[in-house]
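Trainee: Hey, have you got a minute? I'd like some help reading a structure.
Mentor: Sure, put it up and we'll go through it.

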Amino acid sequence: MAIKKTTKSNLITIAILIIIYIVCQILIATGSMSNLMKGLLVPLCYYSIMAVSLNLTVGILGELSLGHAGFMCIGAFASSFFSKTMVDVIGNTFIRFTLAIIIGALSAALFGMIIGVAVLRLRGDYLAIVTLAFGEIIKNVINVLYIGIDRNGLHFSMQDSMSLNLLEDGEAILNGPRGITGTPKNATFTIAIILLILTYVIITNLVNSRSGRAIMAIRDNRIAAETMGIPITRFKILAFSISAGLAGVAGVLYSHNISTLTATPKNFGYNMSIMILVFVVLGGIGNLRGSIIAAVILTLLPEYLRFMQDYRMLIYAVVLIALMIFNWNPTCIQWRENHSLKNYLPMFFKKEKEGL
Amino acid sequence: MSFLSYLIRGISLGSVYSIIALGYTMVYGIAKMLNFAHGDIIMIGGYVIFTIMSTIGLPPFVAVLVGIVLCTLLGVTIERIAYKPLRSASSLAVLITAIGVSYFLQNFALLIFGADAKSFTSVIKLSPLELAGGKLTISGETLVTIPLCIIIMVFLSVFVKKTKVGRGMIAVSENKEAAILMGVNVNRTIAITFAIGSALAAVASALMFSAYPALSTTSGAMPGIKAFVAAVFGGIGSIPGAMIGGILLGIIEILSRAYISSQLADAIVFLVLILVLLVKPTGILGKKIQEKV
């Protein structure tokens, strides 16, 4: 039986991920991996998940979202809250962490759905600014929110931890700007890579399904799609909430990989959303494998530029601008075609079929 | 009385936002791009004025003038190097380039001026005005900011409607191809738009840092985003819209800071934006775009 072209391409990506995983494990086992790199393995996975899931919104649905970090924030806090409260109740780490992942994903997806219902009728740059606004609202609200728990149940406050009125056995879990401390560090590289593969499979399956084709039809021509009887709003919200839910999964990995979870402009602000968008655009809009590659390279690049000290972010910025111009400028595109390897080494490339 | 004083402070902050938003909205209207680096031009303007005033010791007037000139040059240079090669590329590619420029300016400033925040000395030496027997004080900064904002706004409206260059801008923003056929030099028009926007950013930075003196490499980012929100609020592409949006935003921000919560003020500003867009999807003064099949 012949394997479909898309399936083959997906299997290749998954195989590459598994090979990278095995190589990393061997490097760790033989002790030839630096501590810096070991610490980066899980972040690489959650950034990749973020990039792949944002690609669903930007590339497949064709809507610009600048609030993706907000969904990651929700997933992170919801799951961290769950893990912290349940750490004594559910002893089995595997079950607890699985539940935490599900809770993180569902809460982020729920918010994605609410926001989607509200704003998906806006278009283009208006949608971009509204999603940015939502991301900032989520971050700000979490920074003034205090939630504690005691034997009477949950207590909420927006002033400080004293006004929670907790009983003596109570504990304030979410401490406003100080966030949540002491989330169990359950996120391992193995789980992270499994989640990344899972995310990839979910999105590729969606894209190659009937729903996925409907979503892409909406992207290519909204009015034509509507004329064909595709319920626009439903599919837009479907794609948007799946994308948000997967960002929530990335948030779960994030929060279970650090000891103190706080919502700062640096980790959940619009800058983060923009960074993820950079991954998506550089990796190729609509290209999931490209998103992962771009996420990995652009996360490692600043780390490996550390020897340049103060100049490293400057270099990073210049590289970014140069890459964009090299990629999109008409003169550069022409130059690339003239100097492509295919012209110099034609024997290594199959001749492209002419016509359709 | 305290309400009135908050209101005036809100209008004053809002005027600064409108001046920044004018730069955003004009660039958006003509080049159809979100210039994320606009906020960082404000920051650079702030550093230039600060350096000339505090380190070299020249009078504020000269400092602001040099700031305006340098920011204008910077804006035009950025447009020439980073945005012009991508004129025909997708808007997303241009957006990412603008983000790259923003990173570049922030880190460039970090390298030259250092990481520690500077305290900006006010460029306005006007004594505060006391009304109602000292109950209502209006600061010198406010006394300059509000009239200046109105002057800029009137001047720009006249410039766009009456001069040849200004009408060229309208033509390019409405239909680029038709404008080319009519003999409008599109590249020059876009460059002039960037020059005006950046000059306004320098003016805004002098006014903003005089009222809020903390100057660091990231202090342009949030006002930039808020001015962008203001531009969207009023209907992006519209000059009076940017003005109305900016002032409304300033008032909402100051009032919610005063009466609701200072930490939630930004969230409230963004929430109001979302509510406005839900009712009027193209902003307060935005035009409805007809979609062709």
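Mentor: Let's talk through some of what can be read from this one.

Trainee: Anything I should know before I start?
Mentor: This is a predicted model, so to speak of local features we need a pLDDT of at least 70, and side-chain atom pairs count only at pLDDT 80 or more, while totals for chains, interfaces and linings use all residues. Residues are numbered from 1 along each chain as its sequence is written, with chains lettered from A and ligands numbered from 1 in the order in which they are written.

Trainee: What does chain A average for pLDDT?
Mentor: Chain A averages 86, and 96% of the residues score at least 70. pLDDT is the predictor's confidence in each residue, from 0 to 100.

Trainee: Which elements of chain A have the lowest and the highest mean pLDDT?
Mentor: Helix α15 of chain A (residues 341-344) has the lowest, 72, and helix α9 of chain A (residues 232-255) the highest, 94. Helices here are DSSP runs of H or I with at least four residues, strands are runs of E with at least two, and both are numbered from the N terminus.

Trainee: New topic: which strands form the sheet in chain A?
Mentor: The sheet is open, with three strands in the order β2-β1-β3 and antiparallel pairing. β2 and β3 of chain A stand at the edges with a single partner strand each, so one side of each has no neighbour in the sheet.

Trainee: How many bridges hold β1(A) to β2(A)?
Mentor: Five bridges, between β1 (residues 146-150) and β2 (residues 153-157) of chain A. Strands pair if DSSP finds at least two bridges between them. β1(A) and β2(A) form a hairpin with two residues between them.

Trainee: And how many join β1(A) to β3(A)?
Mentor: Four, with β3 of chain A covering residues 171-175.

Trainee: What does A:Ile147 stand opposite?
Mentor: A:Ile147 stands opposite A:Phe156 in β2(A), and opposite A:Leu174 in β3(A).

Trainee: A:Leu174, okay. Now, is A:Phe81 buried or exposed?
Mentor: A:Phe81 is buried, because 23 other C-beta atoms lie within 10 Å. The cut-offs are 20 or more other C-beta atoms within 10 Å for buried, 12 or fewer for exposed, and partly exposed in between, with C-beta atoms placed from the backbone. A:Phe81 sits in helix α3 of chain A, residues 68-86.

Trainee: What is A:Phe81 in contact with?
Mentor: Leaving aside neighbours within four places in sequence, A:Phe81 is in contact with A:Ile173, A:Leu174 and A:Ile180. Contact means that the C-beta atoms, placed from the backbone, lie within 7 Å.

Trainee: Let's switch to the two chains. How many residues of chain B are in contact with chain A?
Mentor: 36 residues of chain B are in contact with 34 residues of chain A. On the chain B side, α4(B) gives the most, with 12 residues.

Trainee: How do the residues on that side of chain B divide?
Mentor: Into 28 nonpolar, six polar and two charged. Ala, Val, Leu, Ile, Met, Phe, Trp, Tyr, Cys and Pro count as nonpolar, Asp, Glu, Lys and Arg as charged, and the others, Gly among them, as polar.

Terms used: Two residues are in contact if their C-beta atoms, placed from the backbone, lie within 7 Å.
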